[in-house]
Protein chains: 2
Amino acid sequence: MNTLKLSNRISSLTPSPIRKLATLAVTAEQQGKKVHKLNIGDPDIKSPEKFLDALKNWPKPQFGYAPSQGDAQFLSSLTDYYKKLGFDYLNKEDILTTWGGSEALILTLMSVANPGDEVITFEPYYTNYNSFANFAGVTITAVSTDIKNGFHFPPVKEVEKLINNKTKAILICNPNNPTGTVYTKEEVEELLKLCVKFNLFIIADEVYREFVYDGKKQISLLEYMDKYPDNIIICDSLSKRYSVCGLRLGALISKNKELLEKTLYYAQARLCAGTLDQYVAESLNHVEKEYFDNVISEYELRRNTLYEGLKNIGIEVTKPEGAFYIVAGLPVKNADDFCKWLVSEFSYNDETVLLAPAAGFYKTPGLGINQVRIAYVQNVEVLKKSLKVLEEALKLYKD
Amino acid sequence: MNTLKLSNRISSLTPSPIRKLATLAVTAEQQGKKVHKLNIGDPDIKSPEKFLDALKNWPKPQFGYAPSQGDAQFLSSLTDYYKKLGFDYLNKEDILTTWGGSEALILTLMSVANPGDEVITFEPYYTNYNSFANFAGVTITAVSTDIKNGFHFPPVKEVEKLINNKTKAILICNPNNPTGTVYTKEEVEELLKLCVKFNLFIIADEVYREFVYDGKKQISLLEYMDKYPDNIIICDSLSKRYSVCGLRLGALISKNKELLEKTLYYAQARLCAGTLDQYVAESLNHVEKEYFDNVISEYELRRNTLYEGLKNIGIEVTKPEGAFYIVAGLPVKNADDFCKWLVSEFSYNDETVLLAPAAGFYKTPGLGINQVRIAYVQNVEVLKKSLKVLEEALKLYKD
């Protein structure tokens, strides 16, 4: 007898640790509290003026499909953007426009691994990788990184030990969400060499490419694509770069021709990425350097404010080198309990803070239990208020 | 030794029969030919004025995330739309906003079936179901329907015979793409009863709900949701209804609480549907009846033009009762070869036509080999020109 039962993959999903406390925040707001939302990377920075202007110039009487690979003008703007970064060997044929970085990652996992295969990544990692891997039937193997070491990679031998005949790929996020770590040239190249040696794909989630501080620069895997065309897959997104998280525009990029051909067949089935979204963003290659300079210096100021503030109230932190997150070890036993209490029971001057408990960013049970991820996507004034709330809350909290 | 090989699921994908000839059309256009694109359901009808006006009123300096379930105002407009259709027991909690109907279908298959499970549908069927099923690891079992019977369902016993312990769901598309068939109340209810009896999900792709001609009305499974809350899943889309195919807005609708809860967890991982798209469409509940009346009578006129025109040149057709497609049996051996020849080698008055070969809409090898799907998404004048091109082409073509 058949039973009306959901599939194992959907049954085993759990709520996103980034979004799961959001309903508590709604309740707090209904009680008249101001909730500073530092749980999610949804920036308050203004989008480029050209994007906002484009809205007034939509030229058609309806919103028809775009080509499955992406709108021609949008793809050409993308290749131009990569060219300006120095990667002039990237052509339109190497790019598939996706529904945000999310779809690029889902599609990549679906494409490189069969159900039961393994993909190695470094914990703590972007927690949504779990749901994407679940849907692809892929097992994530996690290599631990440590707050005391700035969450940099352990020696490459530690990674090599985990490779077996089911391993299909290594996935890195650089600059890293949630840790803010920016990997050195040596770290990136050693990992790439390992993948080439063992015939693995290397997947780089580089959606925070521009967000690197202290005058440093990210080492993009785009730089090595010409030399290792078959191994490298880049998952990119416009979301953070231009404060367009809601436009759902990303890209799967590779010189692996078979991969691009086959993912295009899949893209044809789901028809296209948003036509209007692509239209709005099609001038991305004309966004001035000044726009990014301002954005980066604003985030650097926020990073400094948050890092120094957390250190001053005795919280364990390592200075993030990029992205706009910090993982902080709180002086509590269980950060999940603390975060719930903070948003639903505590307030200071009628203000409270919504944070993302970090245990959900770890694969290994027991790791990160006292940690939170804080997104510095609000201005310095909000961050200072949030720090004060956190300081007062920790004085009072007993677990 | 590991090998750098793509997954089986992506390797086995084939190009969409709807989109695969598109590159030949580009070449034809470069040669100066006018190509009438009747291969794809991308309407030329104007979107509601309110949608176009909304573009001028975007109220924010950036494009941030929407809630994962959907923007509150958008969800409320959706429930209002369903209420006006008479389904007042549908609440926000029963709806998940998706990336078009495509994501609703992908997510539904992922949710109701484990890899290796089976879903029954009726051939010819919307060809992209194949790619979605491939990604979910689900096998499609096809029940054949016949052009001579207007592609209506065979007796329900024929369907019952195919149910085994791996069968998880029956999927119907009503009004049907590609056949234009609108199922009777008896057909819908018998199938529903069968699903209830055998503990199967019944998935209804109802994206063409409004497109029903000759004064008839679609029997929506929404009508039975209150009575069979756990079995029924509706995949809906705004694409065709408001000529917004490129906005990528759809909905997964069910009263099955566990399904909605778990798919929301997945939705959280991929963050949200397009924020701007939802903003543009949030007045959908205020689109006047007059808008639809005009659209439907325009499509009815086109349907009549195309149907009569095809019949007059001796092509085997059945009169579509809804949607905006017709499946036509051409007097050729292989419609795939003919469609390629038509767009790349033939022209009449410097015009040619792009059609979708229908064999790709069948699961059973050998069926539909001489058939094409024609979308009547262009105006009557274009349809008349296309009919003339087809008539002249068939006089000349030898296979």
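In this predicted model, β3(A), α6(A) and β4(A) form a right-handed β-α-β unit. The two strands of that unit run parallel and are joined by six bridges. The other main topic here is the interface of chain A and chain B, which buries about 7,500 Å² between them.

**The β-α-β unit in chain A**
- Strand β3 of chain A covers residues 118-123, and its partner, strand β4 of chain A, covers residues 139-144.
- For one specific pairing to look up, take T121(A): its bridge partner in β4(A) is A142(A).

**Extent of the interface**
- On the chain A side 91 residues are in contact with chain B, and 91 residues of chain B take part in return.
- Of the area buried between chain A and chain B, 59% lies on carbon and sulfur atoms.
- L4(A), F63(A) and Y65(A) lose the most area to chain B within chain A, and together they account for 11% of what that side buries.

**Polar features across the interface**
- The rule finds 53 residue pairs in polar contact between chain A and chain B, with both residues at pLDDT 80 or more.
- Salt bridges are another matter: the rule finds zero of them across this interface.

**What chain A brings to chain B**
- The residues on the side of chain A that touches chain B split into 46 nonpolar, 28 polar and 17 charged.
- Several elements of chain A each give two or more residues to that side, including helices α1 (8-11), α3 (49-54), α5 (100-112), α9 (257-269) and α10 (275-281), along with strand β5 (167-173).
- Helix α6 (128-136) of chain A is also one of these elements, and α6(A) belongs to the β-α-β unit described above.

Technical notes
Residues are numbered from 1 along each chain as its sequence is written. Chains are lettered from A and ligands numbered from 1 in the order in which they are written. This is a predicted model: local features need pLDDT of at least 70, side-chain atom pairs count only at pLDDT 80 or more; totals for chains, interfaces and linings use all residues. Side-chain values use heavy atoms; hydrogens and water are left out. Contact means heavy atoms within 4.5 Å. Buried area is the accessible area (1.4 Å probe) that two parts lose on being put together, summed over both. A salt bridge is a side-chain nitrogen of Lys or Arg within 4 Å of a carboxyl oxygen of Asp or Glu. A polar contact is a pair of N or O atoms within 3.5 Å; within protein, one must be able to donate a hydrogen and the other to accept it, and residues adjacent in sequence count only if both atoms are side-chain atoms. Helices (H or I, at least four residues) and strands (E, at least two) are DSSP runs, numbered from the N terminus. Ala, Val, Leu, Ile, Met, Phe, Trp, Tyr, Cys and Pro count as nonpolar, Asp, Glu, Lys and Arg as charged, and the others, Gly among them, as polar. Two strands pair if DSSP finds at least two bridges between them. A crossover is right-handed if, with the strands pointing away from the viewer, the path from the first strand over the helix to the second runs clockwise.
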